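Please look through the structure shown below with the following report at hand. The text goes through the sheets, then the cysteines and the rings.

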Amino acid sequence: MSRNSIFTGAVCALVLFACGQANAQGVRLKQWLSGEPGLFSPDYVTPSEDVPGYVTGDPSSAPSSRHGKLIFAAATVDQRCQQDGSPRVSVLAPPRAGRIKVDLGGFVATGIDGGSAFCLGRPVRGTRVFYVGRPARGEQIVLRVAYPHKGLTYDHVITVP
């Protein structure tokens, strides 16, 4: 009898813990069981297919910001154009005159490195690369983009506008 009580108490404690308000990494079990999307995040909807897209953006993808002028962007997205991990961007050939800043944010997908092309022309979220300073004429930067999950790596030669 005491073993059943301990087991029942543990299950009740787990359910109560899971039904509480979720933080950024929490579980939204109560909301999910009532039919809301996103077991772990309220905005995430699980896609019906598992075909990721490895998309890129160019200077027309997003406006300049306090970080500088956008020169490149990359994202890993699912079939609903939701962020599915952020690519890691390394600078192989740095600029002569300016600096490079990298952040996470939104942009419009204009190109593709692989996978699904469904998100082309749609807003996505991923790693953005900005150029800070005045570029030398015809300056080029070489970036290495490492996409998560499948270990895909692509090199991009960017001419700074």
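How many bridges join β3 to strand β7? The two strands run antiparallel and are joined by 5 bridges, with β7 covering residues 140-146. Strands here are DSSP runs of E with at least two residues, numbered from the N terminus, and two strands pair if DSSP finds at least two bridges between them.

This is a predicted model, in which local features need pLDDT of at least 70 and side-chain atom pairs count only at pLDDT 80 or more, whereas totals for chains, interfaces and linings use all residues. Residues are numbered from 1 along each chain as its sequence is written, and side-chain values use heavy atoms, with hydrogens and water left out.

**The sheets**

The pairing of β3 and β7 belongs to an open, antiparallel sheet of 3 strands, arranged in the order β3-β7-β8. Its edge strands, each of which pairs on one side only, are β3 (88-93) and β8 (153-159). On average, neighbouring strands of this sheet are turned by 30° against each other, direction ignored; such angles are taken between N-to-C directions of axes fitted to C-alpha atoms, and run from 0 to 180 degrees. Within the β3-β7 pairing, S90 stands opposite R144 of β7.

A second open sheet is formed by 5 strands in the order β4-β6-β2-β1-β5, and here too the pairing is antiparallel. The edge strands, pairing on one side only, are β4 (99-108) and β5, and the twist from one strand to the next averages 20°. Strand β1 (residues 53-57) is joined to β5 by 4 bridges, and to β2 by 5 bridges in the antiparallel sense. Some of the residues that stand opposite each other along β1 are listed here.

| Residue in β1 | Partner | Strand of partner |
|---|---|---|
| Y54 | G114 | β5 |
| V55 | I112 | β5 |
| V55 | A75 | β2 |

Is β1 mostly covered or uncovered? It is mostly covered, since 5 of its 5 residues are buried, where buried means under 20% relative accessible area, exposed over 50% and partly exposed in between, for a 1.4 Å probe and protein chains only. In a regular strand the side chains alternate between the two faces of the sheet. In β1, G53, V55 and G57 point one way while Y54 and T56 point the other way, and all are buried.

**The disulfide**

With a disulfide taken as a pair of cysteine sulfur atoms within 2.5 Å, the count comes to 1. It is formed by C81 and C119, whose sulfur atoms are 2.1 Å apart. Because C81 lies in the loop between β2 (69-77) and β3, and C119 in the loop between β5 (111-115) and β6 (123-132), the pair ties together parts that are 38 residues apart in sequence. The torsion about the S-S bond is about -110°, so this disulfide is left-handed. Both C81 and C119 are buried.

**The rings**

Rings of Phe, Tyr and Trp (its six-membered ring) pair if their centres lie within 6.5 Å, and count as stacked with planes under 30 degrees apart, as edge-to-face over 60 and as tilted for the rest. By this rule there are 2 aromatic pairs. In one of them, Y147 and Y154 meet edge-to-face, at 6.0 Å centre to centre and with 75° between the planes. Y147 is buried, with a relative accessible area of 3%, whereas Y154 is partly exposed, with 26%. Ring pairs link Y54, Y147 and Y154 into a cluster, and this Y54 is the residue of β1 whose bridge partner in β5 is G114.
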